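Please open the model in your viewer and keep the selection tool at hand. The stops below go from charged side chains to the strands and the helix beside them.

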Amino acid sequence: MVRVPKDLGRPVKKALLSRLEARAPVGVVVEGRAVTAATFREDLDLGRVDELTAGRSDYRFTQADDAGKAIVQRLGRLVAEHGPR
C-alpha cells in the first residue's frame with residue numbers, strides 16, 4: 001500500500017499499482033480520500049469488498065474518510081480467505 005496526499009495522475013497510479021500487485025496479492029493506492037485497489041489474482045474478487053463501491057472484480061475504487069484503513073483490513077481478510085499463492 002502507498003499513501004500520497006494528492007492525485008498521482010492516471011499513468012503514475014497505474015504503474016504504481018502494477019508494481020504493488022507484483023509484490024502482494026492486492027495493490028492499494030490511497031490519494032487523499034481516494035482509494036484504489038487492484039489485483040492480478042483471478043481468485044480474488046474485489047467486488048466482495050463492499051467499501052470499494054465502483055470498478056471491476058480486479059480493479060475497484062472509492063472515497064474514504066478513514067485513509068482507507070477499513071478497506072485495507074477488509075482486503076486482508078479477503079486474501080486470508082483465499083490463502084497465499
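**A tour by selection**

Begin by selecting R48, R74 and E81, which are linked in a network of salt bridges, a salt bridge being a side-chain nitrogen of Lys or Arg within 4 Å of a carboxyl oxygen of Asp or Glu. Before going further, note that this is a predicted model, in which local features need pLDDT of at least 70 and side-chain atom pairs count only at pLDDT 80 or more, while totals for chains, interfaces and linings use all residues. Residues are numbered from 1 along each chain as its sequence is written, and side-chain values use heavy atoms, with hydrogens and water left out.

Within the network, look at R48 and E81, whose side chains form a salt bridge with an N to O distance of 3.0 Å. This pair links distant parts of the chain, since R48 lies in the loop between β3 (34-38) and β4 (54-55) and E81 in helix α2 (residues 69-82), 33 residues apart; helices (H or I, at least four residues) and strands (E, at least two) are DSSP runs, numbered from the N terminus. Now add R74, which meets E81 in a salt bridge at 3.8 Å, N to O.

Switch on the surface here and compare the three residues, taking buried as under 20% relative accessible area, exposed as over 50% and partly exposed as in between (1.4 Å probe, protein chains only). R74 is buried at 14%, whereas R48 is partly exposed at 39% and E81 is partly exposed at 47%.

Next select R41 and D43, another salt-bridged pair, with the closest N and O atoms 2.8 Å apart. R41 is buried, with a relative accessible area of 10%, while D43 is partly exposed at 25%. The count for the model comes to six salt bridges.

Now change to a cartoon view and select the strands, which form an open sheet of five in the order β1-β2-β3-β5-β4, with mixed pairing; two strands pair if DSSP finds at least two bridges between them. β1 (2-4) and β4 stand at the edges with a single partner strand each, so one side of each has no neighbour in the sheet. Strand β2 (residues 27-31) runs antiparallel to β3 and is joined to β3 by five bridges, and V28 has A37 in β3 as its bridge partner.

Finally, select helix α1 (residues 10-23), which packs on the sheet and touches β1, β2, β3 and β5 (59-63), contact meaning heavy atoms within 4.5 Å. The direction of α1 makes about 145° with that of β2, where axes are lines fitted to C-alpha atoms, for helices over the stretch in contact, and angles run from 0 to 180 degrees between N-to-C directions.
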